[in-house]
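This report examines selected strands, loops and enclosed spaces of one protein structure. Please keep the sequence and the structure in view while reading.

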Amino acid sequence: MSDTESSTLTSFRSPRSTFLPFSPPDITEGEIEAVVDTLRSDWITTGPKTKQFEEAFRDYVGAESALAVNSCTGALHTALAALGIGPGDEVITTPMTFVASVNVIEHVGAIPVLADVEPETLTVDPVHIAEAITPRTKAVLPVHFAGHPAEMRPIKTLAEQHGLYVIEDAAHALPASYEGQTIGTLGDFTAFSFYATKNMTTGEGGMLTGSSDLIQQARLWSLHGMDRDAWKRYSAEGSWFYEVVVPGFKYNMTDIQAAIGLVQLQRLEEMQKRRCEVIRQYNEVFDQMAELEIPTARPNVQSAWQLYVLRLNLDLLTIDRNRFIDEMRQRNIATSVHFIPIHLHPYYRDKYGWKAEDFPIAYQEYQRMVSLPLHPRLTGEDVADVIGTVEAVVKQYRR
């Protein structure tokens with residue numbers, strides 16, 4: 001049975017007998033062999049394969065330079081530090097993101113300022129960014145939500161008008177493009193994630209792209225502020241001597257991670273093709289159901305489709321989002337919510353006095369969103385099970 005045929009028969013399917021995971025990694029023998037090769041080499045921490053991965057990734061996105069680190073969080077923190085952003089400075093970002101995007105602003109002692117999101121894409125709204133700019137604003141940190149790029153043209157215009165840096169959180173946005181430009185080439189810095197659930201993975205890991213000068217500064221911050229890479233110091237041509245020029249972090253990527261990344265990068269197009277096939281099947285069915293709103297995909301972007309965020313039209317259902325998720329889980333389908341808005345978390349709510357209604361679009365959309373399984377390992381049967389289960393829950397609880 002083909003994927004297309006299986007998706008048309010979902011209404012007649014029995015519930016799954018086994019649990020369908022939300023987003024397991026897609027690892028092949030190629031990645032395993034690459035790790036084994038690294039373990040048998042002279043380098044398992046930051047070394048020649050990390051350098052090779054940086055160069056391959058730089059070329060893939062078309063960036064001027066790239067720095068491999070241990071996480072997207074580390075990439076964002078390093079970017080802020082390299083730009084000299086610190087106490088008293090304000091950084092504008094979105095409430096609709098994972099908390100790491102905002103934690104790093106706190107880490108450098110700066111002040112996070114939230115700007116509400118667009119209702120269609122759930123990316124930060126340039127209109128609200130403009131309203132949030134003050135003389136203390138030093139940077140804008142847009143998040144490419146679920147793989148759909150934020151509206152970068154007006155964001156960059158605002159940044160140029162006010163002398164602000166642009167640091168893109170592209171944890172979801174590989175590979176993606178905006179108005180023909182690859183994400184990774186638009187901002188001063190762009191931070192990517194290779195976490196286990198992302199479009200490509202190194203287990204844990206991240207990449208920072210930017211100009212050669214900025215990446216050189218970031219490289220100092222990423223490894224203790226040392227002016228010399230460890231693998232160069234311990235190579236045949238290296239010198240033992242180094243100097244610490246900034247109070248840096250311990251954010252380096254290992255060659256074990258880079259070995260996985262090199263194989264994953266070669267497979268990325270293949271994995272993306274499968275993601276897009278699943279998206280097409282989901283949209284084909286869910287777009288016909290009044291109780292559901294499918295994700296937006298604007299014509300001026302290529303989304304990375306890192307997440308499939310379905311929104312429930314709750315006025316047409318007799319249950320809320322949480323009950324919907326429970327019903328899916330009882331039928332052996334994993335789901336999630338992306339994300340609990342930043343201003344609802346106790347630390348940020350209490351420190352800045354934010355109320356739920358302060359960012360009404362993020363708050364409203366949060367209450368009706370649910371992320372469905374989306375990964376290259378989904379079979380035609382898996383996709384049919386997800387679709388059939390959503391149909392069954394909607395049918396049971398529609399008004």
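## Basis of the model

The structure is a predicted model, in which local features need pLDDT of at least 70 and side-chain atom pairs count only at pLDDT 80 or more, while totals for chains, interfaces and linings use all residues. Residues are numbered from 1 along each chain as its sequence is written, and side-chain values use heavy atoms, with hydrogens and water left out.

## Strand 9 and its partners

Helices and strands are taken here as DSSP runs numbered from the N terminus, a helix being H or I with at least four residues and a strand being E with at least two. A residue is called buried under 20% relative accessible area, exposed over 50%, and partly exposed in between, with a 1.4 Å probe and protein chains only. Strand 9 covers residues 206-210, and 5 of its 5 residues are buried, so this strand is largely enclosed by the rest of the structure.

In a regular strand the side chains alternate between the two faces of the sheet. In strand 9, G206, L208 and G210 point one way, M207 and T209 point the other way, and all are buried.

Strands of a sheet pair through backbone hydrogen bonds, either parallel or antiparallel. Two strands count as paired if DSSP finds at least two bridges between them. Strand 1 (residues 65-69) is joined to strand 9 by 5 bridges, and the two run antiparallel; here A66 stands opposite T209. Strand 8 (residues 189-193) is also joined to strand 9 by 5 bridges in an antiparallel arrangement, with S193 opposite G206.

## The loop before strand 9

Which residue is found in the loop between strand 8 and strand 9? T202 occupies a place in that loop. T202 counts as buried because its relative accessibility is 3%.

The side chain of T202 reaches the backbone oxygen of E204 at 2.7 Å. Contact means heavy atoms within 4.5 Å. Leaving aside residues up to four places away in sequence, T202 touches F53, F194, M253, Q257, I260 and G261.

## A small open sheet

Elsewhere, 3 strands form an open sheet in the order 7-6-11, with antiparallel pairing. Strand 7 (181-182) and strand 11 (301-302) stand at the edges and each has a single partner strand, so one side of each is left without a neighbour in the sheet. Strand 6 (residues 177-178) is joined to strand 7 by 2 bridges, and the bridge partner of Y178 in strand 7 is Q181.

## T121 and the largest cavity

T121 lies in the loop between strand 3 (111-114) and helix 6 (126-132). This residue is buried, with a relative accessible area of 5%. A polar contact is a pair of N or O atoms within 3.5 Å; within protein, one must be able to donate a hydrogen and the other to accept it, and residues adjacent in sequence count only if both atoms are side-chain atoms. The side chain of T121 makes such contacts with the side chains of E118, at 3.0 Å, and T123, at 2.6 Å. Not counting residues up to four places away in sequence, T121 touches F145, H148, T296 and R298.

Rolling a probe the size of a water molecule over the atoms shows where empty space is left. On a 1 Å grid over the protein atoms alone, a cavity is a set of points where a 1.4 Å probe fits but cannot get out, whereas a pocket is an open set with protein on both sides within 12 Å along at least five of seven lines; lining residues have an atom within 4 Å of a point. Grid points are joined across faces, edges and corners, and a volume is the space filled by probe spheres set on the points.

There are 3 cavities of 30 Å³ or more, and the largest holds about 120 Å³ of space. Of the 14 residues that line the largest cavity, T121, F145, A146, P295 and T296 are the closest to its centre.

## The second largest pocket

The second largest pocket has a volume of about 440 Å³. Its lining has 23 residues, of which F98, A171, S193, Y195 and K198 are the closest to its centre. The largest share of this lining, 3 residues, comes from helix 4.
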